Amino acid sequence: MRRVAIIAAMLAAVAVAGGALATPGGGITDVTSFVQGRTTHGIHAKADGVKLRTRGPVDVFFQTGTFQPGGTSGWHSHSGLVLIAVKSGELTRYGDDCRAESFGAGETFVEHGDHSVLVRNEGAEPAVIYSVYVLPDASLRRIDEPNPGCPVQ
């Protein structure tokens, strides 16, 4: 019984420390969710070299937002996939391997739950994005993550 109490205390300490190390976002404005829906079954679709397959029902929703200069998403992940298109401006995405990749107007990138990322507007102009989320559970839209040891916040 004592061993169970010690393990429970250790797990609680890890959870509190992980939450304390999360890096919140800021400087993202004009966030608008357009529509959200849930499929009744899994998705099994394939056309012209594109394939989408889910293990069960998923929540799909569409959102837009503006990263002001210096705006950041903070380190985070998702429970599924997020397809992001940059309408204007430029964003830099940092992966949990600390590599930076920049995306400008007309370019897209994908975020998925297997990796934590940080997206930041390092430019002088606002950057507008449109996102499509495909998640097994919309309540896990954003999962705060600690900095994986990269020199960016």
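Which residues line the second largest pocket? They are Arg-93, Gly-95, Asp-96, Asp-97, Arg-99, Ala-100, Glu-101, Val-110, Glu-111, His-112, His-115 and Val-117. Strand 7 (90-95), strand 8 (100-104) and strand 9 each give two or more residues to that lining, and strand 9 gives the most, with three.

A quick word on the ground rules. This is a predicted model, where local features need pLDDT of at least 70 and side-chain atom pairs count only at pLDDT 80 or more, while totals for chains, interfaces and linings use all residues. Residues are numbered from 1 along each chain as its sequence is written, and side-chain values use heavy atoms, with hydrogens and water left out.

Strands here are DSSP runs of E with at least two residues, numbered from the N terminus. A pocket is an open set of points on a 1 Å grid over the protein atoms alone, where a 1.4 Å probe fits, with protein on both sides within 12 Å along at least five of seven lines; lining residues have an atom within 4 Å of a point. Volume is the space filled by probe spheres set on the points, which are joined across faces, edges and corners. For the make-up of a lining, Ala, Val, Leu, Ile, Met, Phe, Trp, Tyr, Cys and Pro count as nonpolar, Asp, Glu, Lys and Arg as charged, and the others, Gly among them, as polar.

| Pocket | Volume | Lining make-up |
|---|---|---|
| Largest | about 360 Å³ | nine nonpolar, eight polar, three charged |
| Second largest | about 230 Å³ | three nonpolar, three polar, six charged |

Now for the largest pocket. It has 20 lining residues, and Ile-28, Gln-63, Phe-67, Ile-129 and Tyr-133 lie nearest its centre. Strand 1 (26-38), strand 4, strand 6, strand 9 (108-112) and strand 11 each supply at least two residues of the lining, with the largest share, four residues, coming from strand 4.

Strand 11 (residues 127-135) deserves a closer look. Seven of its nine residues are buried, meaning under 20% relative accessible area with a 1.4 Å probe and protein chains only. It pairs in the antiparallel sense with strand 4 (residues 59-72) over nine bridges, and Gly-65 has Ile-129 as its bridge partner there. Strand 6 (residues 81-88) also pairs with strand 11 in the antiparallel sense, over seven bridges; in that case Leu-83 is matched with Val-132. Pairing takes at least two DSSP bridges between the strands.

What about the largest nonpolar core? Such a core is a set of buried Ala, Val, Leu, Ile, Met, Phe, Trp, Tyr and Cys residues joined through side-chain atoms within 4.5 Å. This one has 13 residues, of which Phe-67, Val-86, Leu-91, Phe-109 and Ile-129 touch the most other members. Strand 4, strand 6 and strand 11 each supply at least two residues of the core, and strand 11 has the largest share, four residues.

Finally, the crosslink. The structure holds one disulfide, a pair of cysteine sulfur atoms within 2.5 Å. Its partners are Cys-98 and Cys-150, with sulfur atoms 2.1 Å apart, and the link is left-handed at -90° about the S-S bond. Cys-98 sits in the loop between strand 7 and strand 8 and Cys-150 in the segment after strand 12 (143-144), so the link ties together parts 52 residues apart in sequence. Cys-150 is buried at 7% relative accessible area, whereas Cys-98 counts as partly exposed at 31% relative accessibility, a class that runs between the buried limit and the exposed one, over 50%.
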